[in-house]
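Hi everyone, thanks for making time this morning. I'd like to walk you through one model, starting with the ligand and then moving on to some charged pairs.

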Amino acid sequence: MLRNFLLQASTRRNFSASSSSSVAFFRQCSSSSSSSSQIPNSHFVEHMEDTNEIPPSATISIDRTALYNPPEQSHELSAESELVKHLKNIIKFRGGPVTVAEYMEEVLTNPKLGYYINRDVFGADGDFITSPEVSQMFGEMIGVWAMCLWEQMGKPSKVNLVELGPGRGTLLADFLRGVSKFKNFTDSLHIHMVECSPTLQELQYQNLKCITEDSADGNEKKGINSTITGSSVSWHASLEQVPTGLPTIIVAHEFFDALPLHQFQKASRGWCEKMVDVTENSSFRFVLSPQPTPATLYLMKRCKWADSEEIFKLDHIEVCPKAMDLTQEISKRIGIDGGGALIIDYGLNGVVSNSLQAIRKHKFVDILDNPGSADLSAYVDFAAIRHSAEEVSGVSVHGPMTQSQFLGSLGINFRVEALLENCTEEQAESIRTGYWRLVGEGEAPFWEGPDNQTPIGMGTRYMAMAIVNQKQGVPVPFQ
Ligand code: SAH
């Protein structure tokens with residue numbers, strides 16, 4: 001079945017938007033950023049002990065696919081954005097700093113002013129590029145994975161297919177085009193998009209080639225369907241809002257990395273939470289909490305899952321309670337309703353130290369610089385996801401394995417060959433480069449452009465993990 005799919009599903013996506021034009025855009029990421037300037041001055045909190053000694057990301061160097069320049073510490077004087085005013089008001093009226101998690105949540109998903117809310121942030125004209133935008137093969141291979149899981153689930157006639165944080169909707173559009181010939185599967189699908197951004201919801205509607213059917217009297221909306229497969233599509237602000245009661249397949253690609261996290265730093269008095277404050281001259285700065293904060297409970301939970309040696313050597317730790325809670329929500333749903341979830345992201349299979357980064361126009365920038373104008377993301381702690389899922393009964397956890405192993409085992413090699421058989425020279429170059437980006441490691445060996453354009457493979461930086469209902473056995477390709 002697998003091989004059959006890979007060879008049969010030979011339709012190609014229109015390359016102009018996602019492949020050849022963006023290929024020229026891939027750049028090398030040469031270094032990571034450090035934190036912003038900190039000016040000691042606060043009564044409420046103790047300051048960083050020696051602001052010049054805050055180490056840059058010592059254990060982690062981050063790559064968000066299409067980065068090529070060192071951090072830019074711009075701090076240009078510009079008119080304050082509404083989001084900056086809003087953040088400063090929160091800090092002012094509270095009478096003290098906010099956690100990095102609160103800062104991140106406001107910056108990314110504030111319902112009016114958040115980074116994701118009012119714009120398309122992806123691609124050459126945006127801030128970063130993700131795997132589905134690199135090559136149609138990515139979404140197609142996720143489609144293969146989901147169809148194999150559906151077979152293991154006993155081919156149910158109704159399935160909720162949920163995507164968390166679908167971006168432009170490219171992954172699912174390629175997924176549906178790829179599986180469109182397998183009618184039994186596509187007829188079972190009820191698609192649910194979990195997306196907080198109205199702008200991106202609109203783009204997803206377009207990319208899934210949706211139509212809205214009106215009722216006979218033309219007043220009430222009857223439903224939305226993707227014309228790619230005829231499946232119903234609906235949008236939700238959170239997973240909680242997606243109806244339960246049907247076997248469910250969940251896909252989360254580059255979603256967990258955008259969830260708000262807490263940062264802790266080892267100080268002489270122990271682990272302190274890093275907070276965001278405002279200086280007297282009205283710029284943002286990091287400070288350390290003088291006493292334990294509520295998130296310390298999550299830090300303790302996370303540390304219990306690690307060896308003491310692993311913790312001992314770190315002086316920063318990131319903890320993401322939202323990722324832990326979301327994992328449990330996913331696991332409970334799958335444990336009860338059946339199905340499985342696939343999480344793909346960049347990350348580590350262990351404690352993450354100091355990985356939070358801001359990216360604007362494909363460059364690393366200061367995390368505190370003009371918040372809302374850059375993406376914030378961090379490495380995903382796959383070990384914490386595993387432990388969170390394992391606390392829920394009825395599910396089994398598989399992986400993480402590298403993206404290269406995952407796509408390779410699913411047969412991306414056959415798919416690339418099938419695509420190369422029927423394409424122009426320009427398309428062939430784009431297909432090969434896209435393939436390299438998805439599964440390669442380090443710099444592309446065949447690239448002949450200027451040095452600073454050498455594409456970097458995502459094959460080992462990105463990892464895949466599956467959480468499935470225990471009754472279904474081990475999912476493809478984790479056997
Ligand atoms: N999966 C896509 C996009 C990744 S970017 C891709 O790989 O191309 C993160 C996505 O998650 C965006 O669509 C963003 O709007 C959405 N998002 C981020 N935080 C969210 C939240 N708390 N609730 C719902 N959607 C969120």
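Before we look at the ligand, one term: a molecule sits in a pocket if more than half of its atoms lie within 2 Å of the pocket's grid points. With that in hand, the ligand here sits in the largest pocket. Please keep in mind that this is a predicted model.

So which residues are closest to the ligand? There are 17 residues around it, and the closest are Thr130, Gly165, Gly167, Glu195 and His253. By class, that shell is made up of 9 nonpolar, 5 polar and 3 charged residues.

Now for the backbone. Gly165 places a backbone N or O atom 2.7 Å from a nitrogen atom of the ligand. For Gly167, a backbone N or O atom is 3.0 Å from an oxygen atom of the ligand. Cys196 joins in too, with a polar backbone atom 3.3 Å from a ligand nitrogen. And how much of the ligand does the protein cover? On its own the ligand has 570 Å² of accessible area, and the protein covers 92% of that.

Let's turn to the charged pairs. Side chains of opposite charge can pair when their charged atoms come close. The structure holds 15 salt bridges, and I've picked three to show you. Asp369 pairs with Arg360, with the closest N and O atoms 3.3 Å apart. Are these two buried or exposed? Both Asp369 and Arg360 are buried.

Compare Glu151 and Lys155, whose side chains meet at 4.0 Å, N to O. Glu151 is partly exposed, at 33% relative accessible area, and Lys155 is also partly exposed, at 47%. Finally, Glu390 and Arg386 form a salt bridge at 2.8 Å, N to O.

Terms used:
Residues are numbered from 1 along each chain as its sequence is written. This is a predicted model: local features need pLDDT of at least 70, side-chain atom pairs count only at pLDDT 80 or more; totals for chains, interfaces and linings use all residues. Side-chain values use heavy atoms; hydrogens and water are left out. A residue is near a molecule or strand if one of its heavy atoms lies within 4 Å of it. A polar contact is a pair of N or O atoms within 3.5 Å; within protein, one must be able to donate a hydrogen and the other to accept it, and residues adjacent in sequence count only if both atoms are side-chain atoms. Accessible areas come from the Shrake-Rupley method with a 1.4 Å probe; for residues, only the protein chains shown count as cover. On a 1 Å grid over the protein atoms alone, a cavity is a set of points where a 1.4 Å probe fits but cannot get out, and a pocket is an open set with protein on both sides within 12 Å along at least five of seven lines; lining residues have an atom within 4 Å of a point. Ala, Val, Leu, Ile, Met, Phe, Trp, Tyr, Cys and Pro count as nonpolar, Asp, Glu, Lys and Arg as charged, and the others, Gly among them, as polar. Buried means under 20% relative accessible area, exposed over 50%, partly exposed in between (1.4 Å probe, protein chains only).
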